[in-house]
Amino acid sequence: MTSTSTPPGLARLNALPEHAALAALHEVCASTTWARRLTDARPFATDEELRTASDAAMAGLTAADLAEAMAGHPPIGRPKPGDPTSAREQRGMAGASDELRAELLELNLAYQEKFGHVFLICATGRTGEQMRDAVKERIGNAPEQEREIVRTELGKINRIRLTRLLEEEA
């Protein structure tokens with residue numbers, strides 16, 4: 001495929017200098033390893049090729065890499081102030097009652113105590129109640145099982161964020 005048939009947002013990502021591509025991808029996922037793998041895999045011919053590379057990079061992350069990726073995510077119910085990405089992804093909490101917010105805070109703390117990191121879920125399109133129910137369900141998981149669920153959820157988040165990055169770049 002020639003560069004003229006590459007979608008504009010993807011062509012722009014492909015053409016970025018290495019440091020700029022790393023920075024843009026690091027905004028998608030806080031894992032340096034993930035961002036490096038995608039930067040090194042450029043150029044991508046299609047958006048799907050980029051998403052497939054993202055999935056492969058996510059699958060290869062170590063526990064330390066996953067911890068770095070998770071550190072870039074705020075707790076559910078408490079989006080980063082002034083961060084439109086965080087607010088957009090947690091939109092399902094916008095109309096949540098004070099009771100639901102308090103319950104989620106308590107569940108988040110219990111989850112973090114058990115697993116050593118924030119509860120991570122692809123919150124896009126989920127209600128506050130659905131996120132609460134997911135914490136309640138997942139808090140009973142074994143750490144190894146939960147790590148793989150987190151890996152899957154991060155992959156979903158990365159795909160959504162990559163799509164948005166390419167749209168913004170277009």
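## A walk through an all-helix model

Let us start with one pair: the side chains of R51 and E48 meet in a salt bridge, with 3.1 Å from N to O. A salt bridge here is a side-chain nitrogen of Lys or Arg within 4 Å of a carboxyl oxygen of Asp or Glu. The model is predicted, so local features need pLDDT of at least 70 and side-chain atom pairs count only at pLDDT 80 or more, while totals for chains, interfaces and linings use all residues. Residues are numbered from 1 along each chain as its sequence is written, and side-chain values use heavy atoms, with hydrogens and water left out.

Back to our pair. R51 and E48 sit 3 residues apart in helix α4 (residues 47–59), which separates them by about one helical turn. An α-helix has 3.6 residues a turn, so residues three or four places apart point the same way. R51 counts as buried at 18% relative accessibility, whereas E48, at 38%, counts as partly exposed. For these words, buried means under 20% relative accessible area, exposed means over 50%, and partly exposed lies in between (1.4 Å probe, protein chains only).

Now follow α4 to D55, which forms a salt bridge with R159, the closest N and O atoms being 2.7 Å apart. This pair links distant parts of the chain, with R159 in helix α9 and D55 in helix α4, 104 residues apart. Both are partly exposed: R159 has a relative accessible area of 25%, and D55 has 30%. Together, E48, R51, D55 and R159 are linked in a network of salt bridges.

Helix α9 has another bridge to show, between E148 and R151, where the closest N and O atoms are 3.0 Å apart. These two residues are 3 apart in α9, about one helical turn. E148 is partly exposed at 39% relative accessibility, while R151 is buried at 13%. The structure holds 11 salt bridges.

Just ahead of that helix, take a look at N141, in the loop between α8 (128–138) and α9 (143–169). N141 is buried, with a relative accessible area of 11%. Its side chain joins that of E146 in a polar contact of 2.8 Å; such a contact is a pair of N or O atoms within 3.5 Å, and within protein one must be able to donate a hydrogen and the other to accept it, while residues adjacent in sequence count only if both atoms are side-chain atoms. Leaving aside residues up to four places away in sequence, N141 touches K114, F115, E146 and I149, where contact means heavy atoms within 4.5 Å.

Helix α2 (residues 18–28) offers a view of sidedness. Its buried residues are A21, L22, A24, L25 and V28. Seen down the axis of α2, they fall within an arc of 165 degrees, so they line one face of the helix; the arc is that of the directions from the helix axis to the C-beta atoms. The face turned away from this buried side carries the exposed residues H19 and E27.

Finally, step back to the whole protein, which has 9 helices and 0 strands. Helices (H or I, at least four residues) and strands (E, at least two) are DSSP runs, numbered from the N terminus. Of the 170 residues, 44% count as buried. The C-alpha atoms fill a box of roughly 55 × 35 × 25 Å, taken along the principal axes. Among contacts with a separation of 6 or more, residues 24 or more positions apart account for 69%.
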